[in-house]
Structure formats: structure tokens, C-alpha cells
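User: Walk me through this one, please. I'd like to start with how the helices pack.

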Amino acid sequence: MASAASLDVGRLVQEAEALASAVRGALGPRGGQMLLTRPTGETLLTRDGRRVLEALNLGPPTARMMVACVSRHHSMTGDGAKTFIILLSKLLRGLQAILDKREGSPFCEDIQRRESYQKHCHSLKQISQSLMTFQTHILDHIMAQDLRKHFLSAFSSWEGEISRDTMESILEAYFCGRIGNSHQKLLSQLSCDFYYKCISFKNGRNEMLNLVNEYFVELHSAVTGLPVSNSRILEGFVLHRDFAVYCPADGDIRMLIVTESIDSALSASGLEFVVNAEVQYQASQVWITKRTEAIMKHLQNNNIKVLLSSVKQQEIVIYYAKISGISIVECLSSEEISLLCKTTGISPFIPTRDNICSEITETMIAKFCQPLVLGSKRYVHLGLTKTCAFQPHCVIFCGPVHGVTEQHASAFHGAFKMLQQLFKAVDLSDGCEAQPETPVNGQQLKTSMAETEKQFIDFSSLVGENPSCNQTDLQKSADLAMPIVELESDFMFSALIDRGSSVRELQKPPVKCQHPSETWIKNKSEPVVTNHRICNDAMTAIENTSTSVVSKQLNSYKHTVQSYTNVVIQAGSVLPVGGNFEILLHYYLHSYAKQCQQPKITLISTVIADALLSIPKILYSTTKENSFTQVFFKATSALQTNQQLPMHQQGLESVYCKYQLVASVLHCVAKLLTIDLIIGIRRLPQKTEVNDSEEDL
């Protein structure tokens, strides 16, 4: 039997607020730890909102849907789980107030003659549509026109380099929210060391971050029973296996990767081998032994010292390896084999009749390959000499119990996901820049959503050019989070705005197109990549990207202005922590709502603006010196008088991650409001055969 129920917004609000209450106490640098207990009796202290939400035993499908949206956002950006669910609950509460106020509501117009259920569904669909209109038009417009002038640049030079002080400021703020103040400094320094040691050259940042995030399980090890301060970074790889055969070797060590057994089988897979007599079987075994001996002799003649195998080798292979002085590491995971192949650029060796007599070229060179003892386990420590854009290093996390090392490893991995998002930029297509006052009906919305998608660009390869857009270079001093001065007050900047056409005439177009599907900027080797993480439709390439640059010395630090066409968030954009992004977006959304002529968009903008303030309210709820009222009053006064925003906390955070958080929450709410019916199935449906007819069913 199955039970069906219509969507109840009040129930959604209760579920979201219950989830938010579970993580609200851990939000911000002053948040506390949450205690998780398992049926086995195991306990875990954590501040990770995603882990807490996923550990809850949730029954309602809509609550599980909310947690799934949180997990999806967290897996992409590495942070924001607690902020996501809190903002979601406040936004749903504001939308419920709109639905409760039926008279005079723009979402209840022209539906007086419909039944109550139809009115409710129609209002939900209109709100969902208005949320998507807001996200694809209004949010990007405000980010590009208003918030962008407040952004800071994490890059300290024109080459797109980021200083260690700035990197530590970003990572310290991140770890403070994930694990608290206990080991914040240690993990931020450990992350900085790992970041700078793994980059082999300047424009290899993107490839390095991709490898770290994809193979993080293979790039770290955990040791329990030791203090956290013993955590360190080791050069090379730590393979999570022990030597099957270990023969010490000096100098450069040639290594070979195999994915099959060295000794030959009696028959190939899928074939039958018939033995008519014992003599025939013994002759076959002698042939296999001689062939294995010949292969191992061939490896020895090619100066192979280490054999890395993804399968378990037979005893005959182990025997001849000891005689030949070849070390063997077997049963490596497919991920470890893939990581070694990607970093060295070689392919696994497959012994055949054709290559057991020729020279072996698919080898890698290692400086050392030796046993390593971590805690009570033995591993293989491997140091490679020649790699691609990734310089191999691994992280050793130490802690008194497994829960501590697991939490630190998760936060460390999330930090590199955050850095990967930090070095991306959001570009806006021309359609998204339509004036917000223009009314948008349902058909226009469908058309515009197919034409106005965000494009996510990785500018990490733009070495030699300025990667910032309407941003300020952070000064190399203790006060890294310096608020930007209003660029409109700069007479040189104003002159550039007034003479935009003349500036474009002075600038040579830096675009070099080699293929219609790729856009190349600054004559570099990497194309502008597009992504559809917010809008799930097809993306279009960027054309005719142009830049205009002006610099001026002001107040003892350098202002650098660079305009890219339609760029909303430039790579490396940051803001000081402490709710600055939420307060800025709240201020400009309210200003926009006062001027907007569309009642629906005005109402949605007001609700979203009020929901954004829930984050700084929680952050400053426990502070005595700076209460939320004082912080909000100082910030709005500074914005009204075109002054710098006051800083109340040290640290920087990625603007892109904040933008992605707001967009993800809007998509989650829009998806929830499109549900018409919730059907609860008490038992799984029976499987039907392909040849069953409808009459049989």
C-alpha cells in the first residue's frame, strides 16, 4: 500500500528548522563541538555540519532531499553545510509568510476562481519560477554592478601568484569554521606547505588541485596514538601496502607497473585447457617456469629494481624476484596505479612474446623506495624524480584517536576543494545582463534560462597577466583583509568609465581563437573552460574578451583595476570573514527592491535579503564588544557614505563559494516547491519480466 500527501510548506519549514537547530551551535569561530554517538558505542566530536546532517536518521523524504542538496554543495565547494541549511530554513520561513498572506500577494493574483489546492500549487509554482528568475537575472546583476567593487584580490602580483601570508589567512579562516581554534594554525600551515611543495611550476596550479582532490585518499595516511603536532608532510608517495619482496637498492631506481600476473596461466580466460596425461601437465609447468624465469631475467637486464603490481603475484614470481634482486609491491589499488600513471605519464607493462626481448621504455625513476613504519603498520615510501605538473608529496595526519585524524583529513580535503573554487571565475552571458526592471513572463523565463547560463572559468593558467577584476591587491602585511576603497571616487577610474570606448581602442584584443568550441585568452595554452554547476543547460563559449587596466598609488597601497567583459566574479576574489558578504548582499538587495517595478521580484528580493541576515546574527550573537546591531549599523552607515567596511574578524573567504552557496540554496528551494505529491511506498515494487504483458500485471 502507498500513502499520498500534497506538499505542505509549513512542514518543510519545520523540517528545515529542525535540521538547522542541529548545527546552529557550531557555526562560526565561536561555535562549539557536536557529539555524535553510534549504535556501536563509538563517539565523535565534530564541527562538520555535513557529517552531522548525514548521520541523522531522517524519515521524511523532503528532509532527506534537503540533506542531499547540502551534501552535493559541500562535495563541490568543501564548506558551507551549516550556512546552507540555516539559510534554507530562514528562506522557507519567509516564503511561508508570503503564502499565508493571501490578500494582496502578487503570487495569488488571477486564481480566485480556482480551488484551494489548485491555488496553493499555482502559488508554489510561481514562487519557484520567481526564484529561478532572481537567480539567473537579479543575483548576477547585483553581483556585477554592486558587490564587485567591494571584492579583494588574493593575488599579490600580475602573474597570478598568491603569497603565503594571504594563503594562510584564507586557510586559517576556513579551518576555524571547520575544526575550531584548537588546531587551526597547525592545519593551515600544513596546508600551505603541501600547496607550495606540490606545485612544480607556476601555471600548474589547476592540474595540481585536480589531482589532490581526485586522489586525496591515496595522498594521505592516518596514524593514531600520537599527538596532533606530529602531523607532517613527506616527499613522494606512501603506498598503503608492504613489500612482498624487498631488495635494497642505491642510486636511481627504475620501476615498472604491471596489472597482470607475470607468470603465464595454463589457458587464457574463457578457454578450456585439456590435459590427457600427467607428463603433459608437468611439461606445461616446466614451460611456465622457464618463461617466468626469462621474463624476470629480462627485467633484471633492463635494470628494473622495483615491480609495482595491482594483482597478487605467484610464488614462482616471488622466488625469481629474490634471485634477481627485484623488489615487489603487490595488490595496489586501481586508484594508486592510476595516480602513478598520471604523475609519471607511463603505461603498465604487459609481458608478451614481442616485448620480453626488447628494451623496456615504460619505466619511472625513483630516488628512493624503502619501507616506512607509521604507527603499527608498514608501508612503502616512494620518491619519484620526474613527474608532470604535480610534485609528489603526501600528508601524515596524527591524532590520539581515529575520529580526530578522520576529521582533520576531511577538513584538509575540503580546504583544497575550496581553493579549487577560489581560483575560478564566474562569467555572465549577455542575456543575463537584461535590465531587472523588464517584466519576465513564463515563456520568456524558459527561453532566458536556456540562453543565460553562468560560465565558470579557470584563470589559473593566465600567467603573466593580471587575474583580478575590479579588485584590490592585498598588501603583504599583517592586515591582509583590507577593505576596498570605492573605486568610483578615483578620478582616473571615473575617466575610464566615461571614456570606455577610447580605452577599448587603445587595448589590443588579447583573444586568439583556434577552434569555435574553445576560447583562448592571453595567447596561453589552456582554453577557457565552461561548467554547468548552477544551470544545467548547454554552455556557450566566450567571445571577444577584452581588458582595460589602470593602476594608481593610493593610501600607501596599490589599487589595480581590470575589467573583463561580463565577468561577475574574477579568479581569486575574496572578502573579509564575519558576515560581510551577507550584509553587502542584503544591503544591495533591499536597495534594488525599492526601485524594482515587478511586485513578485520585489517580494522575493526582500525575503532573500532578510534571510541572509540570519548568518551574521548567529555569528555575532555571542560577542559582547561587537553585537550584531552594532556591526550591522556600522556596515550600513559605511555603505551609505561610500566608506570602507569595518573589519571585525581576521581572515578571508572565497567570494565564489559564497555566490555558489546562495545559488545552491535557491535551486534547492525551487526544487522543493515544484513537488506536487509525496507518495510513501511501504514495500518495494515487484520486479516484472520483460515478456510480461499489461494484462498479466
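**Helix packing and some single residues**

Analyst: α3 passes α4 in a right-handed crossing (near helix turned clockwise from the far one by less than a right angle; left-handed if anticlockwise). Helices are DSSP runs of H or I, at least four residues, and strands are E runs of at least two, numbered from the N terminus.

User: What kind of model is this?

Analyst: This is a predicted model: local features need pLDDT of at least 70, side-chain atom pairs need 80 or more, and totals for chains, interfaces and linings use all residues. Numbering starts from 1 along each chain as its sequence is written, and side-chain values use heavy atoms, without hydrogens or water.

User: Back to α3 and α4. At what angle do they pack?

Analyst: About 140°, with the axes 9 Å apart. Axes are lines fitted to C-alpha atoms over the stretch in contact, with angles of 0 to 180 degrees between N-to-C directions. α3 covers residues 61-77.

User: So what do we call that arrangement?

Analyst: Oblique. Under 35 degrees is roughly parallel, over 145 roughly antiparallel, 65 to 115 roughly perpendicular, and the rest oblique.

User: Which residues meet there?

Analyst: In α3, Met66, Cys69, Val70, His73 and His74. They meet Ala81, Phe84, Ile85, Leu88 and Leu92 in α4. Contact means heavy atoms within 4.5 Å.

User: And how do α1 and α4 cross?

Analyst: α1 (residues 9-23) and α4 (residues 81-100) have axes that come within 8 Å and cross at roughly 150°. That makes α1 roughly antiparallel to α4. The crossing of α1 past α4 is left-handed.

User: Which residues of α1 are involved?

Analyst: Among them are Leu12, Val13, Ala16 and Leu19. On the α4 side, the residues include Ile85, Ile86, Ser89 and Leu92.

User: New topic. How many helices and strands does the protein have?

Analyst: 20 helices and 23 strands. Of its 697 residues, 53% count as buried (under 20% relative accessible area; exposed is over 50%, partly exposed in between; 1.4 Å probe, protein chains only).

User: What about contacts along the chain?

Analyst: Take contacts between residues at least 6 apart in sequence. Of these, 77% join residues at least 24 apart.

User: Is α20 mostly covered or open?

Analyst: Mostly covered. Of its 19 residues, 17 are buried. α20 covers residues 655-673 and reaches 28 Å from its first C-alpha to its last.

User: Which residue caps its N-terminal end?

Analyst: Ser654 caps α20. One of its side-chain oxygens lies 3.3 Å from the backbone nitrogen of Tyr656.

User: Now serines. Where is Ser188?

Analyst: In helix α7, residues 184-198. Ser188 is buried, because its relative accessibility is 0%. A polar atom of its side chain lies 2.8 Å from the backbone oxygen of Lys185. Beyond neighbours within four places in sequence, Ser188 touches Glu168, Leu171, Glu172 and Phe175.

User: And where is Ser347?

Analyst: Ser347 sits in the loop between α11 (334-344) and β12 (364-374). Its 39% relative accessibility makes Ser347 partly exposed. Met364 comes 17 residues away along the chain, and the two C-alpha atoms are separated by 10.0 Å.

User: Which residues have a positive phi without being glycine?

Analyst: Cys331 is one of them, at about 60°. Asn642 has about 55°. Most residues other than glycine have a negative phi.

User: Where are Cys331 and Asn642?

Analyst: Cys331 lies in the loop between β11 (327-329) and α11, and is partly exposed at 31% relative accessible area. Asn642 lies in the loop between α19 (628-640) and β22 (652-654). Asn642 is exposed, at 55%.

Note on methods. Expected span 1.5 Å × (residues − 1). Polar contact = N/O pair within 3.5 Å; in protein donor to acceptor, adjacent residues only side chain to side chain.
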